[in-house]
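Trainee: I am new to this model and would like to look closely at one part of it. Please start with a single strand and its pairing, then work outwards to the rest.

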Amino acid sequence: MTLGSIDYRIEGKSFAKLLDAFTKEKLIYSELRETDDSLTMNISFEHSFSFERLCRNEGFEPKRIEYHGMLRFYRSIVKRPGIIVGAVISVLLMAYYSNVILTIKVDTDDPIIYGKIIDVLNADGVKAGAYLPDIDLVIEERSLKSKIDEVAWAGISRTGSGIAVDILEAVEAEKGITVGMPCHLVACEDGVIEEIELIDGQLMKCLGSGVTKGEIVVSGKIVTEDSEWTKDGEVVTSKTRYVRSIGKIRGTFIRTMVFEQPFDAEEKVLTGEKRKLSYLEIFSARIPLHTKIYDGYFETEKEEKHFPEIGGFVLPIGFTEIDLREYDIRSQVLDKEEALSRAEQAAYRYEQNFLTPYKIRGRSAKPEFTDDGVRLTVTYELYGNLCKESDFFIPKYIVPDLEAVTKENVQDSENY
Amino acid sequence: MARIPGISFFGKTRELMYLQSYIRINDNTSALVENCRQIYECTEVCVRLLTGSFEIELWGSGLMLSSYAENSVEVRGTIEQVKLVSRVNRRN
């Protein structure tokens, strides 16, 4: 009775002939009960057709009264096509989503590396909604390793309906210990020395002297000479010592910067038009709910995510609404004053960004108007650090031959 | 007086070929009758069955009949009385 059973009622006077036929035909039935004018019984669905045929052969007309078991469920389902359609859609969705990427998890805390990995994967077609069997994960691993310098090793594995990207970030090898290594202090600007704070090293320039870019101001190579007079004459003994030049050389220098602003400028102008995009988000997959893709330039004004929460746990299924506002890029012709103002703004931004370590002692701006735009030449008189450290190499003959010293204490097995 | 089947030749043959009527009664709630040849009657108070040697009458209330296998019927309900009538005696 896998498919359920049916209750039958047969009306008539005498059922002896029919009962005899049941026995002869070896019919399987249950709950047979005879009343004065009817016979009720329960027949499994599998035997119901042979039963009905048998009854008709004997001159009785069986009537179906009630359905039991799965048959009843099937009949109730047939009356509700929505459930069937829903079940079919669910099965199709399960089959589809079990083979597409819904989530991409990247094992990194660095948002820059995460962004690069996602960009490379997207460029190779590995994104939410991609068909998993078509993706060769080994090729993707190689692609990640070759295209992203920060990734030393990458492994991609399937996790249910998504992929997990495990990476080992490339750690930049230390360049060695530079503390204590000999170096010069070399001028990085053309200027005049006004202040010297020297801790170690040999000063090559005095206070108030001018230096040009690249000139050694403090040397890490200290040469001392001793002069002795003997009967043979003067004997000069020189000793060279290499130190790390430590100190601060401050001075004044001039820096000239040119800021140009053409009269023809492009400007972003908001048109006032607003659009709204809606998405259904399932894990990492973003399914658009809008049918039209608007033409034009838009920028995001607001993005709202509506994800239901159960007990503090945010479900991975929700809606996202993005409010867009339209803008247009229009060419604009600036007059001289406005162009000059923009060039001044650019100069101000430069000062704020690049000249904060220095003290601006003087500033002179010279605007020049051409046919195409304005050219603002700003000359800064700056006070600040004039020098930077510059490592240098010690000649090899000065370095003690450590290898030879080591070999003396090691027994050479070839001599035995 | 009827002959005792157990000591007759045909009786022994029937026993060896399992052609006898096997009746198993569970309390007063059900009775399983094997080698049932015909169903005469099945009302709520009386079920009459025909087997090889006997006509079996089961009396009670709320009786109903089920047949799950060949030549076997199961009577369910409240059985109050079981009556076995030998077919030989019935003919006499």
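**One strand and its surroundings**

Mentor: Start with one bridge: Glu34(A) has Leu39(A) as its bridge partner in E3(A). Keep in mind throughout that the model is predicted.

Strand E3 of chain A covers residues 38-44. E2(A), which covers residues 29-34, pairs with E3(A) over 3 bridges, in the antiparallel sense. The link between E2(A) and E3(A) is a hairpin of 3 residues. Besides the bridge from Glu34(A) to Leu39(A), Arg33(A) stands opposite Thr40(A) in E3(A).

E3(A) also pairs with strand E1 of chain A, residues 5-11; this pairing is antiparallel and has 7 bridges. Here Arg9(A) is the residue opposite Thr40(A). Thr40(A) thus faces Arg9(A) in one pairing and Arg33(A) in the other. As a rule, side chains in a regular strand alternate between the two faces of the sheet.

Now follow E2(A) out of its own chain. E2(A) is joined by 2 bridges to E5(B), and the two strands run antiparallel. Leu32(A) has Leu65(B) as its bridge partner in E5(B). E2(A) is therefore a strand with pairings in two chains, since it pairs with E3(A) and is also bridged to E5(B), where two bridges are enough for a pairing.

The wider contact between the chains takes 13 residues from chain B and 13 residues from chain A. On the side of chain B that touches chain A, the elements giving two or more residues are strand E3 (36-42) and strand E5 (54-69) of chain B. That side of chain B consists of 6 nonpolar, 4 polar and 3 charged residues.

Further along chain A there is a sheet of another make-up. Three strands form an open sheet in the order E5-E7-E6, with mixed pairing. Strand E5 (103-107) and strand E6 (151-159) of chain A are at the edges; each has a single partner strand, so one side of each has no neighbour in the sheet. Neighbouring strands here are turned by 15 degrees against each other on average, with direction ignored. E6(A) pairs with strand E7 of chain A, residues 162-169, over 8 bridges in the antiparallel sense. Within this pairing Thr159(A) stands opposite Gly162(A) in E7(A).

A helix goes with this sheet. H5(A) lies across E5, E6 and E7 of chain A and runs at about 140 degrees to E5(A). H5(A), residues 111-123, also meets helix H6 of chain A, residues 137-147: their axes come within 10 Å and cross at roughly 130 degrees. Angles of 65 to 115 degrees count as roughly perpendicular and those over 145 as roughly antiparallel. The crossing angle falls in neither range, so H5(A) and H6(A) are oblique to each other. The crossing is right-handed. On the side of H5(A), the residues in contact are Ile117(A), Val120(A) and Leu121(A), and they meet Glu140(A), Ser143(A), Leu144(A) and Lys147(A) in H6(A). Sorted by class, this contact has 4 nonpolar, 1 polar and 2 charged residues.

A further open sheet of chain A has 4 strands in the order E17-E16-E21-E18, and its pairing is antiparallel. Strand E17 (285-288) and strand E18 (297-306) of chain A form its edges, each with a single partner strand, so one side of each lacks a neighbour in the sheet. The twist from one strand to the next averages 35 degrees. Strand E16 of chain A, residues 264-282, pairs with E17(A) over 4 bridges, in the antiparallel sense. One of the residues involved is Tyr279(A), with Pro288(A) as its bridge partner in E17(A).

Last, the confidence scores. Chain A has an average pLDDT of 85, and 92% of its residues score at least 70. Residues 404-416 of chain A stay under 50, and the model has 0 contacts for them beyond four places in sequence. In chain B the mean pLDDT is 83, with 83% of the residues at 70 or more. Among the elements of chain B, helix H2 (residues 87-91) has the lowest mean pLDDT, 64, and strand E2 (residues 30-34) the highest, 93. The model as a whole scores ipTM 0.76 and pTM 0.41.

Methods:
Residues numbered from 1 in each chain as written. Chains lettered and ligands numbered in written order. Predicted model: local features only at pLDDT ≥ 70, side-chain atom pairs only at ≥ 80, totals over all residues. Axes fitted to C-alpha atoms, helices over the stretch in contact; angles between N-to-C directions. Parallel < 35°, antiparallel > 145°, perpendicular 65-115°, else oblique. Left-handed = near helix turned anticlockwise from the far one by under 90°. Contact = placed C-beta atoms within 7 Å. Nonpolar A, V, L, I, M, F, W, Y, C, P; charged D, E, K, R; others polar. pLDDT = per-residue confidence, 0-100.
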